[in-house]
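Me: Please take a close look at a single part of this structure. Then show me how other parts compare with it in kind, and what the whole looks like.

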Amino acid sequence: MATVLVVDDDQLICDLLTDVVEKLGHRAYCAYTLAAAVEEASSKPYDVVFLDINMPDGNGLDVLSQIGKAGAAPEVIIITGLGDPDGAEIAIRNGAWDYIQKSSSTKDVTLTLTRALQYREKKGRAPLALLKRSGIVGSSDEMSSCLNVLAQAAGSDASVLITGETGTGKELFARALHENSSRFAHNFVVVDCTALPETLVESVLFGYEKGAFTGADRSRDGLIRQANRGTLFLDEIGELPLVLQKSFLRVLQEHRFRPVGGESEIESDFRLVCATNQNCDKMAETGRFRTDLLFRIRTFTIELPALRSRRGDIKELAIHFMTKFCDRYQIGTKGFSPEFFDALVAYDWPGNVRELLSAMEWAITVARHEPTLFPKHLPTEIRVRVARSSVKSASVGAREDAGPTLRPIESYRDQMESQYLQELVTATKGDIKSACRISGLSRSRLYALLKKHSVGLPIKENS
């Protein structure tokens with residue numbers, strides 16, 4: 001016997017749904033506000049919740065995720081008086097079992113409830129605790145949802161598309177998929193689609209036979225062949241040339257291809273994982289990405305959240321990176337001042353986890369001989385942005401009324417650049433390789449900036 005919660009402020013609807021539930025031999029309870037529903041779902045092990053959207057104390061979609069994770073994590077069926085395609089999309093993306101209108105027949109409602117209960121009875125939960133995370137850090141609801149999809153996808157050979165902004169950890173998730181799959185003992189081959197030379201794309205992917213072109217003095221396997229029995233990871237697949245997408249579609253369908261200059265086809269049994277920071281649906285609409293290829297590469301989709309959308313993970317990430325860099329540099333672990341974490345949480349992290357990693361390496365390097373990290377140890381640009389965002393608009397208005405003397409914006413940029421370089425030189429003790437790694441600058445660009453700002457050069461290259 002299942003237990004069902006009906007959340008609606010209309011007594012008639014509550015009575016009708018209660019009747020449907022009880023005729024199937026299950027127990028039904030009612031809640032007439034969202035607050036009561038959240039409390040009820042958290043305190044009792046409900047199997048299914050019927051959730052209305054328009055409630056006296058808010059929109060049911062706003063508490064959908066909360067109710068879906070509460071108590072026994074019930075299946076949630078959205079019920080609404082007015083059909084809304086946008087609302088239906090929001091509901092499904094947030095984990096609703098189904099989205100039905102109150103005008104639906106009793107037969108349809110009964111069937112939906114029956115299917116939800118059948119699914120609940122037979123479904124198995126992926127053991128997240130046993131997942132090899134491959135450096136993935138975070139326990140927020142947003143990350144847990146991504147890890148749930150990862151666990152489901154890892155048990156199959158289905159294609160997976162990982163989306164998200166730059167720096168959100170798409171390659172980490174791709175590696176975790178590989179390491180948790182049955183192919184973990186074989187190659188994980190990375191193809192950076194942004195770095196593929198247009199004139200050599202086919203030879204890089206498909207390989208070539210000796211004599212296929214000038215300079216081909218021996219045969220060479222392509223990346224697709226190297227991924228045989230393993231995983232092929234196409235990073236930034238949105239950059240794959242349109243002319244090659246048709247050829248690659250056939251490779252996906254047949255798992256066969258012909259090397260450049262070859263006379264016969266070769267088989268490769270690979271599992272495909274792709275990643276992109278672009279909207280492939282919009283690209284397909286404008287003809288920049290093949291729709292048929294898009295359908296083939298996203299049997300599963302993992303949408304990674306931006307770091308600013310999961311601020312609850314920032315502290316855990318900071319501690320993880322602190323430990324990592326202290327081990328690397330063989331120094332004692334650091335403590336954190338409360339203000340240090342406040343600054344991390346206040347910053348928007350446009351570069352996401354990758355930017356946080358760089359900021360933590362900077363902080364550890366600067367505070368090498370200090371036991372505790374303070375905001376002062378963060379890169380200047382981050383501290384400036386946090387300080388600016390904390391200034392209230394009223395104080396900004398007051399400064400504008402006072403008519404401050406302003407300089408050209410370039411002079412401010414030059415000043416910030418010069419200060420950054422001086423701190424970089426000090427933090428790395430003049431080590432070029434460390435300076436390039438932390439700043440993200442090439443060696444030639446770093447030298448050019450040092451010369452431009454006349455920053456002293458105690459910098460000595462590592463040989």
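Reply: **One helix up close**

Helix α10 covers residues 242-254, which is 13 residues. At 1.5 Å a residue it should span 18 Å, and its end C-alpha atoms lie 19 Å apart, which agrees. The expected span is 1.5 Å times one less than the number of residues. Helices (H or I, at least four residues) and strands (E, at least two) are DSSP runs, numbered from the N terminus.

A word on the source. This is a predicted model, in which local features need pLDDT of at least 70 and side-chain atom pairs count only at pLDDT 80 or more, while totals for chains, interfaces and linings use all residues. Residues are numbered from 1 along each chain as its sequence is written, and side-chain values use heavy atoms, with hydrogens and water left out.

Which residues of α10 are buried? They are Leu244, Gln245, Phe248, Leu249, Val251 and Leu252. They cover an arc of only 165° around the axis, which puts them on the same side of α10. The arc is that of the directions from the helix axis to the C-beta atoms. Buried means under 20% relative accessible area, exposed over 50%, and partly exposed in between (1.4 Å probe, protein chains only). An α-helix has 3.6 residues a turn, so residues three or four places apart point the same way.

The face of α10 turned away from the buried side carries exposed residues, Val243 and Lys246. What does the buried side meet? Its residues pack against helices α8 (201-206), α9 (223-226) and α12 (291-297). They also pack against strands β12 (231-235), β13 (256-257) and β15 (271-276). Contact means heavy atoms within 4.5 Å. Just after α10 comes His255, with a positive phi of about 55°.

One of the partners of α10 is α8. Ser203 lies in α8. Ser203 counts as buried, at 12% relative accessibility. Leaving aside neighbours within four places in sequence, Ser203 is in contact with Tyr208, Phe213, Gly222 and Val260.

Now turn to α20. Its residues Leu446, Leu449 and Leu450 are buried. They cover an arc of only 100° around the axis, which puts them on the same side of α20. On the face turned away from that side sit the exposed residues Ser444, Lys451 and Lys452. After α20 comes Ser454, whose phi is positive, near 55°.

Helix α20 (residues 443-452) also has a helix partner, α19 (residues 432-439). Two packed helices are described by the angle between their axes and the distance between the axes. For α19 and α20 the angle is about 95°, with the axes 10 Å apart. The two are therefore roughly perpendicular to each other. Axes are lines fitted to C-alpha atoms, for helices over the stretch in contact, and angles run from 0 to 180 degrees between N-to-C directions. Angles under 35 degrees count as roughly parallel, over 145 as roughly antiparallel, 65 to 115 as roughly perpendicular and the rest as oblique.

Which residues make the contact? From α19 come Ile432, Lys433, Ala435 and Cys436; from α20 come Arg443, Leu446 and Tyr447. Of the residues in this contact, five are nonpolar, none polar and two charged. Here Ala, Val, Leu, Ile, Met, Phe, Trp, Tyr, Cys and Pro count as nonpolar, Asp, Glu, Lys and Arg as charged, and the others, Gly among them, as polar.

Two more residues deserve a look. Asn352 is placed in helix α15 (residues 352-366). Asn352 is buried, with a relative accessible area of 0%. Its phi is positive, near 60°, in a residue other than glycine. Ala73 lies in the loop between α3 (64-69) and β6 (75-80). Its phi is also positive, near 50°. At 18% relative accessibility, Ala73 counts as buried.

Finally, step back. The protein has 20 helices and 18 strands. Buried residues make up 43% of its 463 residues. Its C-alpha trace spans about 80 × 75 × 45 Å along the principal axes. Among contacts between residues at least 6 apart in sequence, 70% join residues at least 24 apart.
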